Amino acid sequence: MKPRILARTEGMSRGDWLELRRKGIGGSDAAAICGANPWRGPLSVYLTKIGASPDSDSNEAMEWGSELEDTIAKVFSRRTQFKTKRCNYILQHPEHDFMLANLDRLVKDDDEEGWGVLEVKNVGEYRKADWEDGAVPEYYMIQVQHYMSVTGASYAWLAPLIGGNRMNPVKVMR
């Protein structure tokens with residue numbers, strides 16, 4: 001099954017994008033609802049979705065993550081030799097319309113059928129142990145599993161840049 005396109009995001013204002021995100025549950029919301037997100041919990045998601053609490057403003061870590069996203073994705077593509085492409089849409093599950101996805105990129109792994117999900121992460125040095133030996137933190141695992149469900153993808157790659165100087169890509173199967 002293919003996901004539905006809820007909206008095209010290219011050129012969309014941040015306010016309009018945040019308003020559309022309120023229409024469903026995204027990958028980071030799913031992790032928070034499960035109690036796995038160390039920065040947000042289920043109540044925060046609920047209050048944001050009903051409009052009783054504003055969407056959290058960007059903090060410095062989020063700002064750097066956004067700024068570095070293109071660079072991290074380009075380095076991942078160069079090192080793996082996998083094609084990547086932007087996904088300028090908010091996607092919606094074809095049956096469960098409350099399930100949304102805002103993907104960083106799509107990736108074409110030569111060992112797999114079709115396109116997968118690429119999630120780019122800018123990880124502080126203090127969180128490096130979370131990624132040792134191919135591990136994926138639970139909150140990111142929930143996020144990519146949610147995205148694979150929405151998109152129908154059978155795999156995802158996470159590309160964490162750790163401490164600003166080490167990339168440790170991890171492949172996750174659905």
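A residue counts as buried when its relative accessible area is under 20%, and in this predicted model 42% of the 174 residues of the chain meet that description.

The chain holds five helices and nine strands, which follow one another along the sequence in the pattern β-α-α-α-α-β-β-β-β-β-α-β-β-β. Its radius of gyration is 16 Å, close to the 16 Å that the globule rule gives for 174 residues, so the chain is as compact as a globular protein of that length. The C-alpha trace spans about 45 × 40 × 30 Å along its principal axes, and among contacts with a separation of 6 or more, 64% join residues 24 or more positions apart.

Within the chain, the largest nonpolar core comprises 24 residues, and those with the most contacts inside it are L103, V117, W131, V136, M148 and L158. Two or more residues of this core come from each of β6, α5, β7 and β9, with α5 giving the largest share, six residues. Apart from this core lies another, of 13 residues, including I72, A73, V107 and A159.

The elements that give two or more residues to the largest core are as follows.

| Element | Residues |
|---|---|
| β6 | 116-123 |
| α5 | 138-151 |
| β7 | 155-162 |
| β9 | 170-173 |

Leaving aside residues up to four places away in sequence, V117 touches ten partners by name: L103, R105, V107, Y147, M148, T151, A153, Y155, A156 and W157.

The second largest pocket encloses about 230 Å³ of space, and its lining, which includes L103, T151 and A153, divides into eight nonpolar residues, two polar and one charged.

Definitions and conventions: Residues numbered from 1 in each chain as written. Predicted model: local features only at pLDDT ≥ 70, side-chain atom pairs only at ≥ 80, totals over all residues. Heavy atoms only, no water. Core = buried A, V, L, I, M, F, W, Y, C linked by side-chain atoms within 4.5 Å. Buried < 20%, exposed > 50% of the residue type's maximum accessible area, 1.4 Å probe, protein only. Helix = DSSP H or I, 4+ residues; strand = E, 2+ residues; numbered from the N terminus. Contact = heavy atoms within 4.5 Å. 1 Å grid on protein atoms, 1.4 Å probe; cavity = no way out; pocket = protein on both sides within 12 Å on 5 of 7 lines; lining within 4 Å. Points joined across faces, edges and corners; volume = space filled by probe spheres on them. Nonpolar A, V, L, I, M, F, W, Y, C, P; charged D, E, K, R; others polar. Rg over C-alpha atoms; globule rule 2.2 N^0.38 Å.
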